[in-house]
Amino acid sequence: MKRLALNKLVDYIVKDPEGHVDTIMDMLEPLLPESLFPEQRAAFRTAFEQKNNWYELAMKTLHLNEEIVPALLKTLLVEANFLAWPKQEKARREYECNIPWAILLDPTSACNLHCTGCWAADYGHKLNLSFDDIDSIIRQGKELGVHIYIYTGGEPLVRKKDVIRLCEKHPDCAFLCFTNATLIDEEFCQDMIRVKNFVPAISAEGTRETTDARRGEGTYDRIEAAMALLKKHGLPFGISACYTSQNAEAVASEEYFDRLIEAGALFCWIFTFMPVGADAPVELMPSVEQREHLYRFVRAMRSKKPLFTLDFQNDGEFVGGCIAGGRRYLHINAAGDVEPCVFIHYSNANIHDVSLLEALRSPLFKAYYEGQPFNDNLLRPCPMLENPDCLESMVARTHARSTDLQCAESAEELCAKCRPFAEAWADAADRIWNDEADPQHAKRQTPTQGMSESDLERFERIGRAGRTKAELA
């Protein structure tokens, strides 16, 4: 009955977005538990009342291709969030481990590009998760309430046919894909329209000069052509940007954001370059000054641009710190290794040998579960980049092995590359965190920020000082 009511609400909104927007939240609130995404719901209500840039983004989304918008919203909002989250919370309580909101997986190690600083470029073309492997992962995930699956790689669209077949087989799931966009063509756009539950996140990093320098000459033009094709068909897509020392000025610029919006992008996910891999070019790591600039720039853009932007390092304060280790997501590589993070290539479990739930209860994942957040300053969320001692310790005491598909790298070697930045960023992060003039300051003094009900129950169960329900009361 709840699914039916929520789906009817989606149909009501899509039928006349501008005319019905003022009543959306009043109709939605009675259908949802009070504890479900309260801050996000308040933000949506404010956007609709003020008709601000977020309202503009919502209207832009609702006016995309009418053949897919209703179905995609029902899958993404109703199945993958409103109905899925309570089921995930129940599983977190029952199994006393992290249960992800989304699962990232590599259909293949193959890629048609060879980008500087990308470990996948060195993996070769030999490893693949079979169709049945991925189907099994999705079926197991749905049992735990997971209805969002994000393809990474390699280049996932090397496996176009299987990607689309999985969309068809699981219409109650939303599929996103990090792609270099060079394999998006007219046929694939028609496939997207047909399945209605697939959204690409195109790797697009700054100017023609910075893009072609890292990813190969001509890549920029191919990305532009793919975005133009998606826009022509009214298809939803976003951007994935790897933020490096070389493109920092280009990515954190209003001109870049305006170009993405004009191209038709709905979202931009920004990832800080991580020195993963034995031969990773450490010089691509952004400086402390560049990272702080990104922090302030993204927050300024959120107040005026119709683009949903996530800065995965600096936004730790909104999601309770590190979201990896299955807390909100995990990663499964093309060999089947279940890794806590797309950047953390260590594991105790392989999906060919254990179930998804068993992997979530494996020693390394339990160490994440018990250790998160890894720092009470949530602007220092990562156990590798900002708290390297944490990752070294977890890998050592859980006897996790390196799952790097090309060249094994010890946690000590990886963390040694991160430690100078971690020490330098600590001072800046503490200064920002304790700035009383910052609009976020009051929320930062509340240990519940970004935490779910199951997070608070976990703190109480493991005795996490300062964060248990009893101490907060």
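**Notebook: helix pairs and unusual backbone sites**

I began with the loop between β2 (148–151) and α9 (160–169), where Gly154 lies. The model I am reading is a predicted one. I looked up the peptide bond that joins Gly153 and Gly154 and found it to be cis. Its omega is about 20°.

I then turned to a second cis peptide bond, the one from Gln372 to Pro373. Omega is near -10° there. I located Pro373 in the loop between α17 (363–371) and α18 (388–398).

**Positive phi**

My next entry concerns Glu96, which I found in the loop between α7 and β1 (102–105). Phi of Glu96 is near 50°, a positive value in a residue that is not glycine. Is Glu96 buried or exposed? I recorded a relative accessible area of 36%, and Glu96 is therefore partly exposed, since the partly exposed class lies between 20% and 50%.

Lys196 is another residue other than glycine with a positive phi, about 70°. I placed Lys196 in the loop between α10 (186–195) and β4 (198–203). Its relative accessibility is 24%, so I entered Lys196 as partly exposed.

**Helices α6 and α7**

I looked up how helix α6 (residues 69–82) packs with helix α7 (residues 84–95). The angle is about 20°, and the axes are 4 Å apart. I therefore noted α6 and α7 as roughly parallel to each other, because angles under 35 degrees fall in that class. Which residues meet in this pair? From α6 I listed Val78, Glu79, Ala80, Asn81 and Phe82; from α7 I listed Ala84, Trp85 and Pro86. Sorted by class, the residues of this contact of α6 with α7 are six nonpolar, one polar and one charged.

**Helices α11 and α12**

The last pair I examined was helix α11 (residues 208–215) with helix α12 (residues 219–232). I recorded an angle of about 115° between them and a distance of 8 Å between their axes. This makes α11 roughly perpendicular to α12. On the α11 side, I noted Arg208, Thr211, Asp212 and Arg215 in the contact. On the α12 side, the contact is made by Thr219, Tyr220, Asp221 and Ile223. How many residues of each class does the contact of α11 with α12 have? I entered two nonpolar, two polar and four charged residues.

Definitions and conventions: Residues numbered from 1 in each chain as written. Predicted model: local features only at pLDDT ≥ 70, side-chain atom pairs only at ≥ 80, totals over all residues. Heavy atoms only, no water. Axes fitted to C-alpha atoms, helices over the stretch in contact; angles between N-to-C directions. Helix = DSSP H or I, 4+ residues; strand = E, 2+ residues; numbered from the N terminus. Parallel < 35°, antiparallel > 145°, perpendicular 65-115°, else oblique. Contact = heavy atoms within 4.5 Å. Nonpolar A, V, L, I, M, F, W, Y, C, P; charged D, E, K, R; others polar. Buried < 20%, exposed > 50% of the residue type's maximum accessible area, 1.4 Å probe, protein only.
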